[in-house]
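Let's take a friendly walk through this structure together, going from strand pairs to sheets and then to the place where two chains meet. Have the viewer open and follow along.

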Amino acid sequence: MNNNKLENEMQRLVATTHLQQYTIKLELEAFECNGWPQVEIILNQEVVFDGEIKNKNTKEFVVKAQEKLLDIRLVLKGKGKRNIDFRDNTILKNQYCVINDIKINGISMRWGHQVFWEDSIFEKDNKEVLTKVDGLYWNGTWRVALQEPVFPLLNKIFQNKGGNKFNPVPIKEQHLTEILKFVKEF
Amino acid sequence: MEKLSYNTKSMDTVKQTTDFLLITGPIRSLIYPPMALALLKGIVENKGFNCKTVDLNQMYFTQCESEDQFETDTKMFDNKVPVDFETLYISACGKWITNKVVDLVETHRPKSIGVSCFSHYNITAALLILKVLKEHYADIPVMIGGYGINSPLSFCEEFGLGLTRKESFAETMKSNGLVDTYVVGDAERVMVNWIKNKTDISDKQHKLEKLEGLPYADYTDLDYKNYEYTNGITLPVTGSKGCVRKCSFCDIPGKFGKFVQRDGKEIADEVIYLYETYGAKTIFLTDSLTNGSMKAFLVYIETLSNLKHKRGYKDLQWTGQYIMRPKHQIPHAKNYYPMLAESGAVGLSAGVESGSDRVLEHMNKKCTIDDVYTELEYFNQHKISSLLLLMCGYPTETRSDFEKTLNFLRDIQPYFSNGTVIKAEVSALWFARDPQSQWGRMGPEQGMHFDPNDPKLWFYEPNPELDIKELVFRRLTLHKTINELHIPNGIEKPEMQRLFDYLKHNKENIKKFYHNIKRPQHEQQ
């Protein structure tokens with residue numbers, strides 16, 4: 001095997017170490033007011049759930065990894081005036097759904113990472129965009145899009161928080177060339 | 001050897017004030033102070049002798065301008081590359097050690113001296129210390145000890161000192177008159193007798209029958225507040241010696257013999273003592289396996305959890321090496337994981353070694369990769385952090401097995417992102433044949449060809465695809481994977497430097513080795 005072949009084979013093996021799919025677990029908590037929230041869950045542009053969410057409810061899906069983004073959207077639909085009991089300037093009862101957590105392959109995005117708060121947006125149906133929202137309180141779409149490959153980037157963010165003490169350091173190009181030359185000669 | 005420029009008085013004309021001076025030199029990790037020094041000081045002083053302990057490794061580090069300077073200056077002491085003694089002696093670190101040793105002897109006037117070698121990385125510096133002592137204080141009895149003295153002085157001839165080479169560093173030093181004796185194994189019970197009587201104790205391996213009742217380690221001589229701690233002052237404690245397992249690649253059963261476990265309550269008490277006395281917020285258990293005896297381990301974590309709770313020591317943590325057991329052995333009835341978390345377990349270091357069940361079975365690991373996933377998920381749920389160790393190129397590892405290790409790294413990625421796994425490290429480049437391991441007892445008759453002077457240079461006939469080329473390929477692939485997945489790691493940089501140096505310095509020897517192997521018949525045809 002020449003150097004290029006060796007490197008190509010290495011690269012082929014390294015490429016197999018990227019996750020091909022994710023298990024997404026949504027821990028939701030719904031509150032009713034003249035009916036339970038109607039929620040649509042869309043993962044990588046595919047509707048994986050469309051229906052009522054009642055009380056505490058966990059939904060789990062497996063989604064294939066895509067090239068650029070892991071896109072998670074939750075949409076609240078059909079909420080009207082009758083779903084909010086508003087009297088004397090006080091909300092007595094309201095229909096909404098809290099996202100208690102989103103776990104990707106068992107890792108909490110809400111409690112273990114900042115992405116839940118920092119990278120999510122809520123876009124109301126009237127196009128108003130809100131940030132740092134933890135649930136579906138209005139008709140509209142809550143969305144978080146994580147850059148692929150998800151975990152190497154989350155690892156990087158986690159390391160960064162800890163002062164980058166254990167960041168991996170790639171081998172010097174010149175050393176790699178000489179090592180490959182040795183292998184070739186052998 | 002160049003003469004020192006200052007006077008060294010003859011020992012019979014000066015007043016001796018210290019019974020025992022115990023020194024250690026570079027190279028040793030600075031993540032916690034050397035326990036052997038503190039433990040022996042505690043024992044020796046408990047018997048009424050005075051003892052001064054000095055860690056030249058840490059002292060040299062503190063006077064270096066940077067970590068890089070320390071690494072550069074001490075690299076030639078690593079027993080990995082040939083170096084002549086004169087070069088060592090006139091190097092910045094060599095001169096500093098020489099002056100310091102003389103200064104220590106002049107200051108403390110010891111009646112006897114010990115040089116501790118934690119590992120094979122310490123023995124080149126120990127050689128320098130012993131040469132200085134021999135040159136200037138030949139009358140003072142000197143002994144050496146520590147795990148490292150069992151290792152060979154890799155490039156004995158290259159030092160140019162005319163040393164007669166023996167199997168171990170200890171025997172080389174003794175037969176060349178550089179030490180009076182050495183202690184193989186546990187020095188705890190024999191050290192005081194040697195200080196008293198100076199009789200030769202090198203004739204047998206010393207082994208503690210029980211670990212209870214020893215005085216606590218005394219760190220007062222050491223600059224214990226200024227080590228390179230990752231989590232506050234970290235001090236070591238020993239809970240057991242030896243190992244309950246007999247992993248085929250490991251030298252521990254061969255070197256430490258029968259497993260000895262200390263009472264779990266006593267371990268917890270010492271942990272509390274170190275926290276209260278020295279402010280040590282992290283305790284490092286030096287055991288080969290902290291949970292080798294589950295009975296003692298459960299007592300330890302339960303006692304420590306209770307003491308921590310009772311005294312409000314929320315910031316007290318401990319770390320150490322941990323075995324991942326088959327899932328049916330997990331003592332869930334004892335509320336195991338919550339109690340482990342409450343005891344302050346962090347950074348538990350586990351030798352996973354391979355992602356292939358086939359290789360794990362060959363290694364005699366007595367667990368499967370599924371057991372590892374199970375334990376990691378419990379760690380994740382209970383916020384217990386871990387450090388995983390992997391091995392590349394086990395003699396029976398096929399390419400398919402290797403790919404399973406890559407798959408393992410792929411699948412545990414999520415745990416790096418929340419600190420359940422702090423680091424994953426591949427050390428020693430690839431499998432290194434240890435003479436005291438099961439592989440060390442195999443020779444060409446069993447298909448194992450090896451270079452007696454280079455533990456990394458071997459060839460196992462039943463797995464002919466795994467030659468040096470394939471070993472380098474697999475190691476580099478792991479390195480690239482670690483970088484691609486951004487897997488936290490503390491040693492890849494030095495390991496890759498080591499790979500480069502290894503191939504550079506041993507190129508001819510490697511070629512010669514493979515040339516001399518008689519390939520299996522079917523390969524020749």
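In this predicted model, S386(B) stands opposite V421(B) in β14(B). That pair belongs to a run of five bridges that join β13(B) to β14(B), and the two strands run parallel. To get from one to the other, the chain leaves β13(B), passes through α15(B) and arrives at β14(B). This β-α-β crossover is right-handed.

β13(B), which covers residues 386-390, also pairs with β12(B), residues 348-353. Here too the sense is parallel, over five bridges. If you would like a residue to click on, try E353(B), whose bridge partner in β13(B) is L390(B).

Now turn to another part of chain B, where an open sheet of six strands has the order β2-β1-β3-β4-β5-β6, with parallel pairing. Which strands stand at the edges? They are β2(B), residues 51-55, and β6(B), residues 205-206. Each has a single partner strand, so one side of each is left without a neighbour in the sheet.

For β2(B) and its pairing with β1(B), residues 18-24, the program finds five bridges in the parallel sense. Within that pairing, I23(B) has V54(B) of β2(B) as its bridge partner. Helices lie across this region as well. α2(B), residues 56-63, lies across β1 and β2 of chain B and runs at about 45° to β2(B). α5(B), residues 92-108, lies across β1, β2 and β3 of chain B, running at about 160° to β1(B).

Chain B also has an open sheet of three strands, in the order β7-β10-β11, and its pairing is parallel. At its edges stand β7(B), residues 234-237, and β11(B), residues 317-320; each has a single partner strand, so one side of each lacks a neighbour in the sheet. On average, neighbouring strands here are turned by 30° against each other, direction ignored.

Look next at β10(B), residues 282-285, which pairs with β11(B) in the parallel sense over four bridges. F284(B) stands opposite T319(B) in β11(B). Across β7, β10 and β11 of chain B lies helix α10(B), residues 264-278, which runs at about 150° to β7(B).

Finally, bring chain A into view. How many residues of chain B are in contact with chain A? The count is 39 residues of chain B, in contact with 29 residues of chain A. Elements that give two or more residues to this side of chain B include α14, α15 and β14, so you may recognise the helix of the crossover and the strand it leads to. The largest share, twelve residues, comes from α16(B). By class, the residues on this side of chain B divide into 17 nonpolar, twelve polar and ten charged.

One helix pair is worth a closer look at the meeting of the two chains. α4(A), residues 173-185, and α17(B) pack at an angle of about 40°, with their axes 10 Å apart. The two helices are therefore oblique to each other, and their crossing is left-handed. From α4(A), the contact is made by H175(A), E178(A), I179(A) and F182(A). From α17(B) come M496(B), L499(B), F500(B), L503(B) and K507(B). Sorted by class, this contact has six nonpolar, one polar and two charged residues.

How values were computed:
Residues numbered from 1 in each chain as written. Chains lettered and ligands numbered in written order. Predicted model: local features only at pLDDT ≥ 70, side-chain atom pairs only at ≥ 80, totals over all residues. Contact = placed C-beta atoms within 7 Å. Nonpolar A, V, L, I, M, F, W, Y, C, P; charged D, E, K, R; others polar. Axes fitted to C-alpha atoms, helices over the stretch in contact; angles between N-to-C directions. Parallel < 35°, antiparallel > 145°, perpendicular 65-115°, else oblique. Left-handed = near helix turned anticlockwise from the far one by under 90°. Pairing = 2+ DSSP bridges. Right-handed = clockwise from strand over helix to strand, strands pointing away.
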